[in-house]
Each structure stands twice: as structure tokens, then as C-alpha cells.
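Take a look at the protein below. This briefing goes through its fold, its overall form, its surface and the confidence of the model.

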Amino acid sequence: MKRLFILVLILWSASVTHAQELYVNTEPASNMAANSLGIRLENQGYFKPDFRNRTTLELMYGASKSLMVHASGYMSNFYQQGQHFEGGSAYAKYRFLSVDTVQRHFRGAVFAKVAAINNPVVNQEISLEGDNSGLQTGVVFTQLLHKLAMSGSASYLRAFNNIDYNLPGANAKNAIGWSLSAGYLLLPKNYTSYKQVNLNIYAELLGKANPGYGQSYVDLAPAVQLIFNSQLRVDFSYRTPLYNDMQRNSKNMYLLRLEYNLFNIF
């Protein structure tokens, strides 16, 4: 009976987390557990020419096994000396493909994001994480192979005028984004309890291009992640450009995130 109980816990934990695909800079095709709520508090920033940072509060809800939604608010001093509220965004992801076998699965999802932001537009990058008002839509596919998870995404972005600031005429209104992510579960070596600490390492390639403008970049973003009791998650990542020909804030940026998940609360 005790062995059966442990087996149930292991299967429950594995079904909830698939820890190695909880990427730090991108979303996987898999969704969080249905009827559950996730709360994220995140800080990103850079140190040159002076220290600037942005704090994001994000709520995530698993509406069903196929649909999850996010709502985010942003505050930063990226565009002025003091911290100020910049606006918000909403995100939805629908999983349309699931091919599951033992210790592996292949999943596909479509996603969309809208943002309403009140900042001057000074960068060439179209970013819906507090910089630009706009729309993003795309697809993501994730393959889990035991302790290794790989994912790829492609998306289209359309920039709108910000709330009190127009998009400059010389700026691109359209962009293409893409990502390749890999995550590996280092610890625990073997699951015996859902309370075991998970240690994951990640490597992500993040790219974006403004077609017709000769502006693009490719960043490498290594990351480390700890998960406690299958509920509390701590992420740290630092992205650095492999190639850059675009004016933006996201170059050489750190990310620190805390996330807490409440399962089956609705």
C-alpha cells in the first residue's frame, strides 16, 4: 500500500510539472494543471550605461487541460528616472496536439498576446513585455524525452501606437520572433516524493527580425531553475547577444523570477 501511495505521488508530480520544460525565457507547448493558479514576480534589468530594471507581476490560470491564460502588469525605470507603471498584457495558449507515451510526449500549441503600454517608443525591437503596444501570435512545439525537453516556437508581432506615444514613422511595424529551447533535469536522479527539490538547467536561443529593415538579433540565454515542493519555483537567467543589429533594451539582460502555484483551487 505504501509503495502504491508513493507511485501515485510520483505520477502526480510528473504530470503536474514536467520540470525540465518549464523554460525561463519562453513558454512550452504544455499547459499548467487545469483549475490552478500561478503567481509570478519577476525582475529584469541591465547595468550599462546605467542600472535599469523592470518588475512584472503575472497571474496564470489553467482554464482546462488545453487552455491557459495569463495577465501581466509592468513597472520600470527604463524610460525615465523613477519607477512607473507602464501598462499590461494578456496572453492565451491553446494546446491542440498531444502525443503521450511513457516518459515522453510531443505537444503543439498556438498562442496569442496583446499589450497596451504607455512608454515613448525609442527602440527598434518590438517587445510586448512593457515596451510596445501590439499583438503577437504564433505556434510552439515541445518534445519531452525522459529528462530532456526541447522546444521551438515561431511568431508574428505587430506594433501599434503606444497609449500616449505614436510609433515613429521610421520604425518597423512588423516583426518575426523565434526561439529554440532545451532543458535538462539534473536533480533528483530518481523520484521518491513530490517534495524533492528539482534542479533544471536550460539553454535558450532567442531571435527576432524586422523584415525589410535589416534589423535582427540572436541571443543565448542560459538559465538555472530550482523547484521546491512542486509549487515554488526560482529562476535565474542572463541573455547575451550572439549577433545583434537592433537597438533594444533586452541586450545583456538578467532575469530573476519567483513563481508559486496553487493547484486545484477552483
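The points below are grouped by topic.

This is a predicted model. The protein has one helix and 12 strands. Its average pLDDT is 93.

**Fold**
- The secondary structure of the protein consists of one helix and 12 strands.
- Along the sequence, the helix comes before the strands, in the pattern α-β-β-β-β-β-β-β-β-β-β-β-β.
- Take the contacts between residues at least 6 apart in sequence: 59% of them join residues at least 24 apart.

**Overall form**
- The C-alpha atoms of the protein fill a box of roughly 70 × 35 × 35 Å along the principal axes.
- The radius of gyration of the protein is 19 Å.
- A compact globule of 266 residues would have a value near 18 Å, so the two agree.

**Inside and surface**
- Of the 266 residues, 47% count as buried.
- The protein exposes about 12,800 Å².
- Carbon and sulfur atoms supply 64% of that exposed area.

**Charges**
- The protein carries 23 positive and 16 negative charges.
- The mean positions of the positive and negative charges lie 8 Å apart.

**Confidence**
- The protein averages a pLDDT of 93, and 94% of the residues score at least 70.
- Where does pLDDT stay under 50? It does so over residues 4–17.
- For residues 4–17, the model has 14 contacts beyond four places in sequence.

Note on methods:
Residues are numbered from 1 along each chain as its sequence is written. This is a predicted model: local features need pLDDT of at least 70, side-chain atom pairs count only at pLDDT 80 or more; totals for chains, interfaces and linings use all residues. Side-chain values use heavy atoms; hydrogens and water are left out. Helices (H or I, at least four residues) and strands (E, at least two) are DSSP runs, numbered from the N terminus. The radius of gyration is taken over C-alpha atoms; the globule rule is 2.2 Å times the number of residues to the power 0.38. Buried means under 20% relative accessible area, exposed over 50%, partly exposed in between (1.4 Å probe, protein chains only). Contact means heavy atoms within 4.5 Å. Accessible areas come from the Shrake-Rupley method with a 1.4 Å probe; for residues, only the protein chains shown count as cover. Lys and Arg count as positive and Asp and Glu as negative; His and the chain ends are not counted. The place of a charge is taken as NZ of Lys, CZ of Arg, CG of Asp or CD of Glu. pLDDT is the predictor's confidence in each residue, from 0 to 100.
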